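Please work through the exercises below with the sequence and the model side by side, trying each task before reading its solution.

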Amino acid sequence: MKCWICGAEANSREHVVKASDLKLQFGNFSQSNPLFQHSGARKNVRVGSLKSDKLKFSASICARCNNERTQPFDRAWEKLSSTLQSAHRQSPPAQRVRVKTIFPGASGKSMLNVHLYFVKLFGCRIVESGIPIDIEAFSQAILMGKPHPHLFLEFGVLKDVKGKRAGITPIQAVNTQGQSVFATFMYSVGKIGVVPIFTMLPTRRITRDAWHPSQHLRALELKSFTA
Ligand SMILES: [Zn+2]
């Protein structure tokens with residue numbers, strides 16, 4: 001298998017839910033104090049380490065792409081993720097967060113890096129699940145450090161979630177002539193959710209409330225999501 005980003009030998013596995021998000025949500029866990037993982041296929045799978053392969057995609061990228069190339073993306077999302085968690089813990093919970101307060105001095109670049117983190121995650125899912133979406137635009141975005149023209153993000157709070165949880169939902173897609181023209185899923189950590197939306201559809205109704213790096217973002221509005 002070749003790295004879908006750069007074409008080198010794929011020898012590295014990306015976390016499905018980012019390790020820092022798992023830590024944020026569950027703290028430390030271990031063999032004696034494991035996490036329980038649920039999927040469509042299996043329930044209550046014990047996971048005793050943050051490094052467990054059960055928490056990762058199969059190897060579809062190389063170590064260089066997973067580490068130094070995409071580290072700024074990982075870091076940007078890590079920062080935004082923890083900020084959104086604390087914003088939500090305020091009383092009353094914040095509905096919007098000013099981007100400048102999250103990333104002082106480098107907000108545009110940092111938000112582009114957040115977008116690119118989800119480009120990487122989405123790309124890994126496309127490859128893992130064999131979704132009929134051209135991966136080229138995803139790898140180009142990462143290699144060039146440029147936005148993916150058709151990937152948008154929505155941020156929100158999941159109303160009905162109780163207890164500690166983190167995960168991704170199955171992909172929902174609309175296919176035309178064997179190609180997905182629309183695909184989306186939700187990535188959530190506790191009550192905070194992110195919905196990456198890939199769309200080739202001409203209507204802007206779908207992405208009206210979503211953010212793309214071509215739009216300057218002053219404040220991040222948290223929508224209300226139903227889990
Ligand atoms: Zn690579």
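**Exercise 1. State which helix holds F138, whether F138 is buried or exposed, and which parts its aromatic pair with F122 ties together.**

Step 1. In this predicted model, F138 is placed in helix α6.

Step 2. The relative accessibility of F138 is 0%, and because buried means under 20%, F138 counts as buried.

Step 3. F138 and F122 are 16 residues apart in sequence, while their C-alpha atoms are 8.3 Å apart in space.

Step 4. The rings of F122 and F138 form an aromatic pair with 5.8 Å from centre to centre and 40 degrees between the planes, and this pair is tilted. F122 lies in helix α5 (residues 107-129) and F138 in helix α6 (residues 136-144), so the pair ties together parts that are 16 residues apart in sequence.

Step 5. Both partners, F122 and F138, are buried.

**Exercise 2. Describe the geometry of the aromatic pair of Y117 and F118, and name the aromatic cluster that includes these two residues.**

Step 1. As a general starting point, a pair of aromatic rings is described by the distance of the centres and the angle of the planes.

Step 2. The structure holds eight aromatic pairs. One of them is formed by Y117 and F118, whose ring centres are 5.0 Å apart and whose planes make an angle of 80 degrees, which is an edge-to-face arrangement.

Step 3. Both Y117 and F118 are buried, and together with W77 and Y187 they form one aromatic cluster.

Step 4. A ring can also be faced by a charged side chain: R125 lies over the face of F185, at 4.6 Å from the ring centre.

**Exercise 3. Compare the spans of helices α3 and α5 with the values expected at 1.5 Å a residue, and state how many residues of α5 are buried.**

Step 1. Helix α3 (residues 71-89) has 19 residues, and the distance from its first C-alpha to its last is 27 Å, close to the expected 27 Å.

Step 2. Helix α5 has 23 residues and reaches 33 Å between its first and last C-alpha, which is again close to the expected value, here 33 Å.

Step 3. In α5, 18 of the 23 residues are buried, so this helix is largely enclosed by the rest of the structure. The buried residues of α3 include F73, W77, L80, L84 and H88.

Step 4. Just after α5 comes G130, which takes a positive phi of about 60 degrees.

**Exercise 4. Identify the protein donors of the zinc ion, and determine the geometry of the site.**

Step 1. The protein donors are the SG atoms of C3, C6, C62 and C65, lying 2.3 Å from the zinc ion. Along the chain, these donors follow the spacing C-x2-C-x55-C-x2-C.

Step 2. For reference, the ideal angle at a metal with four tetrahedral donors is 109.5 degrees.

Step 3. The angles among the four donor atoms of the zinc ion run from 104 to 120 degrees, and the site is tetrahedral.

Step 4. The accessibility of the donors can then be considered. C6 is partly exposed, with a relative accessible area of 33%, whereas C65 has 0% relative accessibility and counts as buried; C62 is buried as well.

Step 5. A disulfide requires a pair of cysteine sulfur atoms within 2.5 Å, and by this rule the count comes to zero disulfides.

**Exercise 5. Locate the cis peptide bond that joins S91 and P92, and find where N44 and Q177, two residues with a positive phi, lie.**

Step 1. The peptide bond joining S91 and P92 is cis, with omega at about -5 degrees, and P92 is placed in the loop between α3 and β3 (96-98).

Step 2. N44, a residue other than glycine, has a positive phi near 55 degrees, and it lies in the loop between β1 (35-37) and β2 (45-47).

Step 3. Q177, also a residue other than glycine, has a positive phi near 50 degrees. Its place is the loop between β6 (172-176) and β7 (179-184), and with a relative accessible area of 81% Q177 is exposed.

Definitions and conventions
Residues are numbered from 1 along each chain as its sequence is written. This is a predicted model: local features need pLDDT of at least 70, side-chain atom pairs count only at pLDDT 80 or more; totals for chains, interfaces and linings use all residues. Side-chain values use heavy atoms; hydrogens and water are left out. Buried means under 20% relative accessible area, exposed over 50%, partly exposed in between (1.4 Å probe, protein chains only). Donors are N, O and S atoms within 2.8 Å of the metal (3.2 Å for Na, K and Ca); water is not among the atoms, so sites may look incomplete. Four donors count as tetrahedral if all angles lie between 85 and 135 degrees; four count as square planar and six as octahedral if opposite donors are over 155 degrees apart and all others between 65 and 115; anything else is irregular. Rings of Phe, Tyr and Trp (its six-membered ring) pair if their centres lie within 6.5 Å; planes under 30 degrees apart count as stacked, over 60 as edge-to-face and the rest as tilted. Helices (H or I, at least four residues) and strands (E, at least two) are DSSP runs, numbered from the N terminus. A charge sits over a ring if NZ of Lys or CZ of Arg is within 6 Å of the ring centre and within 35 degrees of the ring normal. The expected span of a helix is 1.5 Å times one less than its number of residues.
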